[in-house]
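Here is a briefing on how the strands and helices of one protein model are arranged. Please look at the structure below before reading the points.

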Amino acid sequence: MLTTLFIILLVVVGVILALVGAFFFYLYWWQIQRAAPNLDQDVVFSGLDQPVEIRRDKHGVPHITAQSEADLFRAQGFVHAQDRLWQMEQSRRIARGALAEIFGDAALDADRFSRIVGFWRAAQQELETLDGATRQMLDWYAEGVNAYIKARPGRLAAEFNLLRFAPEPWRALDTLGYAKVMHWSLSINWESELTRLQLLHQLDPVAAAELEPDYPPTNPITLEGVGSEEVTRLLSASGLLLNQYDAVRQWLGVQQGGEGSNSWVLAPKASLNRRPLLCNDPHLALTVPGAFYEVHLACPTLEVSGVSFPGAPGVLIGHNADIAWGMTNALVDVQDLYLERAHPDDDTLFEHNGEWRPAQVIEETIQVRRGKPHVERVLITRHGPLLDGLVARKELPAAMRSLRVALRWTGHEPGPLVRAVYQLNQARNWDEFCAALADWSGPPQNVTFADAAGNIGYVLAGRVPIRTGNLGLVPAPGWTDEHEWAGYIPASELPRLYNPPSGIIVTANNKMVGDDYPYFLGLEFDPGWRAARIEERLTEKDRYTLRDMEELQLDTVSKYAQALTPWLTIIGSEDPWEKAALTALRRWNFRMEAESEAPTVFHYYLTTLREMVFGDKLGAGRAGYFARGSNPLFLINGFLLRAETHLLELLDNHEQSVWYMDAATGRQRTRDELLQEALARAIKQLRADTGDVTRQWSWGKLHQVRYVHPLGSARLLRDVFNRGPFPVGGDSTTPNVTRHAAQLPPGLVQVAAAYRQIYEVGAWDRAQSVTNLGQSGHPLSRQYDDQIVMWREGVYHAMPWGEEAVRKATAHRMTLKPE
């Protein structure tokens, strides 16, 4: 009897184990691993004119060789789909506002945002204006994507299998829609305008204007060319704001009392090998897969290497045989809000110069997985869409609640951005480089330049509105023509710099022109702490090497911390924990290193001070002033580091200030009293978060990077799709940017260098680069995450150019063959 029961038990256990094994086999192989492509298998591609060779290095970086541009862009679409089709699908769904169709109600707010702003509507308008050659290029690219989709039904990407849907064919419109999303993600100001209104509602105009710090006088301006030329620094940010606030009071009746990146270029005289050095590390929100895809494209009429965006043809940042370029976000104001007066009896009519004009009414139907469709009613005035669905009226000043808020954004207008990228890829010299960027209609970018002949330069590229009566700092009345844009700044009049005497150009989202520049560009520039550190390093010696450039991209010294820490350590304490914290700060070299305790103490102290000085006085404007955006898809914010820079201004100049007051009790504090109380609160909070062991204070234990995939929230799939967390150094003020959420304890890093490139211009086989994750979007591929450790440790891989170098680096080879 016992033997029979034992046998039955063994059979039951065996069946259970077999079922569990079968389930995991089904999940991990059939659903996930089976989708990974074979990079060494030739493929028949019926749309090709001639064979195309694709050679990949060990990191999966493709070097594509075709006989025509048509086949080259088809092949680029094919390899993008091979490695990143899910990412491309997600991108176009963000643009269309169609995430809820696959993710359900959790994604509905994101879809409503996209439908209201109108990414897809803007892309459709742009599609109608494309010239024939640009449209042809997009169609060739789409043919390549669709060839891959057609060739591998059920084996495209794990995400399609797990979510149980198949992608639609790719279209030129999808590329343009994705471009509009990227344009928005790098645009600023509309939330800044609302924040300023909230601050004005909470404070009097003088106090609200004081919250805008001036650009630090010792920090660099791009057109100075590292000391080559001094520019005028006259304007006061608070003065500009006070004038704007006074105007707001007049037409709103407000009563008193109530999204970084680094790039620099060195001329031959500053380079050991007497060739220009060009470096770039664009900073973007951390995503899985990563934002960029490395590629080398070659055919008889075009050869270019660098990074692309999956979903779009060409190379965005990189080099060709003659020139190299890098980009940083210019943070120029390209968004304005207008307050519209609606008809009292018809909410589709809006006042304009004393007459009632109809708005366009669109009903956007959003499909929701396992839910009822949602209908979003969108009204579009002459300025743009109303943001009623995005802006909670109860959060606005009372005088605004009877008005409607409309958005004007340069991205709503059609432009030749795709053509600009193609022309940039083809440019051979400074003149052709500038001509290509004259077509740049995307988010304004600081574009650095170097050519093999030894020239270096810089151009601000993009459409920048000309503002006359309205600076675009706060919402303007939309019922008259007094606050309209007067066109765009001509490309020839945008800031540029060519061969400065110093031989060095630095751009790090900092202010690019002096106050004598004839056009207003905005106030939301980075305060320049990173630029100051980069310039400091680039003036330490006469000649630099590639290794010097690597070290600079990994530099974790904070010039902001260097300026603020003397104030933090000017006081004393008898408390042993506070003594330990002060000792760490006094011995600190201002490096935000993962192993160091001082950065943790610094950030706890800083965050506490910021809250005590500003947070308890700003009301509804608090989140905006602390650079916390309203949409998790778009992290850029015009108020980044604004509070921190103004805090330093106050401590530098005022022993007593109304900002030092305890808002809850009205108790006035001196500067020293404020610092003493902030230290005590900060260390109390630090001990509560980490325990009474100073070893737990190391920056890397709290400051970490984690790569989170949308499907990684499911427990069973977490270890398949997600990576990390990993300790990292740096912060938002260091050249090695790792920006975290400004809270205690510090949140995970949100923004970091998505890609690093270093070029010795002309010696293209010495090019080196690294991304922050990997080339592949397939989670069980080795190339999904093989660059993480390289990115963290400051290691680069070669990006070969010449035929011999490419041949030596080849680890995988496939041929696309026409039928």
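The points below cover two sheets, one helix and one residue.

The model is a predicted one. One of its open sheets has 11 strands, and another has three. Helix α6 (residues 132–151) packs through its buried residues against other helices, and α12 is one of them.

**The sheet of 11 strands**

- The strand order is β1-β30-β2-β3-β6-β7-β8-β9-β16-β17-β21, and the pairing is mixed.
- At the edges stand β1 (43–44) and β21 (496–498), each of which pairs on one side only.
- Helix α13 (residues 430–437) packs on this sheet, where it touches β9 (323–329), β16 (445–451), β17 (456–461) and β21. The direction of α13 makes about 10° with that of β17.
- Strands of a sheet pair through backbone hydrogen bonds, either parallel or antiparallel.
- Strand β2 (residues 52–56) and strand β3 (residues 62–65) are antiparallel and share four bridges. Within this pair, Glu-53 has Thr-65 of β3 as its bridge partner.
- Five residues lie between the strands in the hairpin of β2 and β3, and Gly-60 in that hairpin has a positive phi near 85°.
- β3 pairs with β6 in the parallel sense, over three bridges. Here Thr-65 stands opposite Ala-298 in β6.
- Strand β6 (residues 293–299) is joined to strand β7 (residues 302–308) by seven bridges, and the two run antiparallel. His-296 stands opposite Ser-305 in β7.

**The sheet of three strands**

- This open sheet has the order β15-β10-β19, with mixed pairing.
- Why do β15 and β19 each have one side without a neighbour in the sheet? Both β15 (404–409) and β19 (476–477) stand at the edges with a single partner strand, so one side of each is left free of a neighbour in the sheet.
- Strand β10 (residues 335–340) runs antiparallel to β15, and six bridges join them. Glu-340 has Arg-404 in β15 as its bridge partner.

**Helix α6 and its neighbours**

- Helix α6 has 20 residues, which should span 28 Å at 1.5 Å a residue; its end C-alpha atoms are 28 Å apart, so the two values agree.
- Asp-131 caps the N-terminal end of α6, with a side-chain oxygen 3.2 Å from the backbone nitrogen of Ala-133.
- The buried residues of α6 include Trp-140, Tyr-141, Ala-142 and Gly-144. The buried residues of this helix pack against α2 (69–96), α8 (172–185) and α12.
- α6 and α12 pack at an angle of about 85°, and their axes are 9 Å apart. The two helices are therefore roughly perpendicular to each other.
- Where these two helices meet, α6 contributes Thr-134, Met-137 and Leu-138, while α12 contributes Val-418, Arg-419 and Tyr-422.

**Asn-425 in helix α12**

- Asn-425 is found in helix α12 (residues 417–426).
- Is Asn-425 buried or exposed? Its relative accessibility is 2%, so Asn-425 counts as buried; the cut-off for buried is under 20%.
- Leaving out residues up to four places away in sequence, Asn-425 touches Leu-302, Val-304, Gly-314, Val-315, Asn-320 and Trp-325.
- Asn-425 and Gly-314 are 111 residues apart in sequence, while their C-alpha atoms are 7.3 Å apart in space.

Technical notes. Residues numbered from 1 in each chain as written. Predicted model: local features only at pLDDT ≥ 70, side-chain atom pairs only at ≥ 80, totals over all residues. Heavy atoms only, no water. Pairing = 2+ DSSP bridges. Contact = heavy atoms within 4.5 Å. Axes fitted to C-alpha atoms, helices over the stretch in contact; angles between N-to-C directions. Buried < 20%, exposed > 50% of the residue type's maximum accessible area, 1.4 Å probe, protein only. Expected span 1.5 Å × (residues − 1). Polar contact = N/O pair within 3.5 Å; in protein donor to acceptor, adjacent residues only side chain to side chain. Parallel < 35°, antiparallel > 145°, perpendicular 65-115°, else oblique.
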